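Please look through the sequence and the coordinates below before reading on. The text after them walks through the fold, the sheet, the nonpolar cores and the charged pairs.

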Amino acid sequence: MGGGGTLISIYPEDLTFLFELDKPCYCNLKVVNNSEHHVAFKVKTTSPRKYFVRPNANIVQPWDSCTITITLQAQKEYPQDMQCKDKFLIQSTRVAASTDMDEIPPNTFNKEVDKVIEEIKLKVVYTVPSGSSDDSGITSLGSRSFKSLSDDFTMLKNASIEEIQTIQRLKDERDNMLQQNQQMQRELDVIRRRRSRKSDTGFSLTFAAFVGLIGLLVGLLMSLIFSSPQPAA
């Protein structure tokens with residue numbers, strides 16, 4: 001499931017974090033450009049000190065996509081009833097193809113009369129590692145009492161939790177590497193197409209000159225043959 005508008009779509013439609021005490025948590029968002037235009041987006045949140053967003057602004061090429069990695073900073077205690085009121089807002093708008101993604105103008109997302117700014121709102125959901133605690137116990141205990149119980153349980157299950165965290169980190173790194181490889185592949189394809197067009201033009205001009213030269217030589221040869229005196233009978 002995903003949310004979206006005319007310009008972009010967002011997958012998934014909720015930010016789900018595997019919540020653990022004293023450890024950062026990660027979540028990936030995929031931004032898909034649904035249009036034939038270059039689209040710039042910007043990510044905002046109601047709790048900017050809790051989250052690290054990379055990239056928090058970017059430009060997506062027509063029909064292309066981009067991955068956003070959002071990191072929840074390490075927290076010292078569980079939220080009440082594991083409920084989170086944080087919200088995210090993703091703004092998007094059309095930009096010129098020549099716009100530099102590293103230098104997006106500050107007024108790009110200003111709401112003006114002749115500019116269309118689409119907004120997508122996302123909510124944050126916290127989950128706990130499988131087997132770390134019963135869900136009914138989470139909803140019934142306060143944050144401090146739950147923290148003490150969780151600390152005792154973490155001592156028993158620390159190895160499995162570290163494995164889960166390691167797997168999540170490796171998946172995030174893999175996704176980032178795949179994204180970078182795809183971007184490099186697109187750039188290489190553009191370079192190859194440009195070189196191919198240049199080589200095709202050079203070849204056609206050379207071939208035309210060669211054919212013209214052959215025609216000239218044939219013409220001269222024919223002229224010499226027909227202009228030479230005929231032998232006497």
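The paragraphs that follow go from the overall fold to individual side chains.

The model is a predicted one. Its secondary structure amounts to 10 strands and 2 helices. Along the sequence the pattern is β-β-β-β-β-β-β-β-β-β-α-α, with the strands coming before the helices. Of the 233 residues in the protein, 29% are buried. The exposed surface is about 15600 Å², and carbon and sulfur atoms supply 57% of that area. Among contacts between residues at least 6 apart in sequence, 69% join residues at least 24 apart.

Next comes the sheet. Five strands form an open sheet in the order β3-β10-β9-β5-β7, and the pairing is mixed. At its edges are β3 and β7 (57-60), each of which pairs on one side only. Direction ignored, neighbouring strands of this sheet are turned by 25 degrees against each other on average. Within the sheet, β9 pairs with β10 (residues 118-127) in the antiparallel sense, over 6 bridges. Which residue stands opposite Lys-123 in β10? That residue is Lys-87.

The nonpolar side chains can be taken after the sheet. In soluble globular proteins, nonpolar side chains tend to be buried together. The largest nonpolar core here has 31 residues. Phe-17, Tyr-51, Ile-70, Phe-88 and Tyr-126 have the most contacts inside this core. At least two of its residues come from each of β2 (8-11), β3, β4, β5 (38-45), β6 (51-54), β8, β9 and β10. A second core, separate from the largest one, has 5 residues, including Ala-40, Ile-59, Val-95 and Phe-109.

Tyr-51 gives a view of the largest core from one of its residues. Leaving aside residues up to four places away in sequence, Tyr-51 touches Phe-17, Ile-70, Phe-88 and Tyr-126, among others. Its further contacts include Thr-45, Thr-71, Leu-72 and Gln-73. Cys-84, Asp-86 and Val-124 are also touched by Tyr-51.

The charged side chains remain. Side chains of opposite charge can pair when their charged atoms come close. With a cut-off of 4 Å between a side-chain nitrogen of Lys or Arg and a carboxyl oxygen of Asp or Glu, the count comes to 4 salt bridges.

One of them joins Lys-111 and Glu-119, with 3.1 Å from N to O. Lys-111 is exposed, at 62% relative accessibility, and Glu-119 is partly exposed, at 35%.

Another joins Lys-23 and Glu-20, whose closest N and O atoms are 4.0 Å apart. Is Glu-20 buried or exposed? Glu-20 has a relative accessible area of 5% and is therefore buried, whereas Lys-23, at 21%, is partly exposed.

A further salt bridge links Asp-22 to Lys-76, with the closest N and O atoms 3.7 Å apart. Asp-22 lies in the loop between β3 (14-18) and β4 (25-33), and Lys-76 in the loop between β8 (65-72) and β9 (87-95), so this pair ties together parts that are 54 residues apart in sequence. Asp-22 is partly exposed, with 45% relative accessibility, while Lys-76 is exposed, with 63%.

Conventions: Residues are numbered from 1 along each chain as its sequence is written. This is a predicted model: local features need pLDDT of at least 70, side-chain atom pairs count only at pLDDT 80 or more; totals for chains, interfaces and linings use all residues. Side-chain values use heavy atoms; hydrogens and water are left out. Helices (H or I, at least four residues) and strands (E, at least two) are DSSP runs, numbered from the N terminus. Buried means under 20% relative accessible area, exposed over 50%, partly exposed in between (1.4 Å probe, protein chains only). Contact means heavy atoms within 4.5 Å. Accessible areas come from the Shrake-Rupley method with a 1.4 Å probe; for residues, only the protein chains shown count as cover. Two strands pair if DSSP finds at least two bridges between them. Axes are lines fitted to C-alpha atoms, for helices over the stretch in contact, and angles run from 0 to 180 degrees between N-to-C directions. A nonpolar core is a set of buried Ala, Val, Leu, Ile, Met, Phe, Trp, Tyr and Cys residues joined through side-chain atoms within 4.5 Å.
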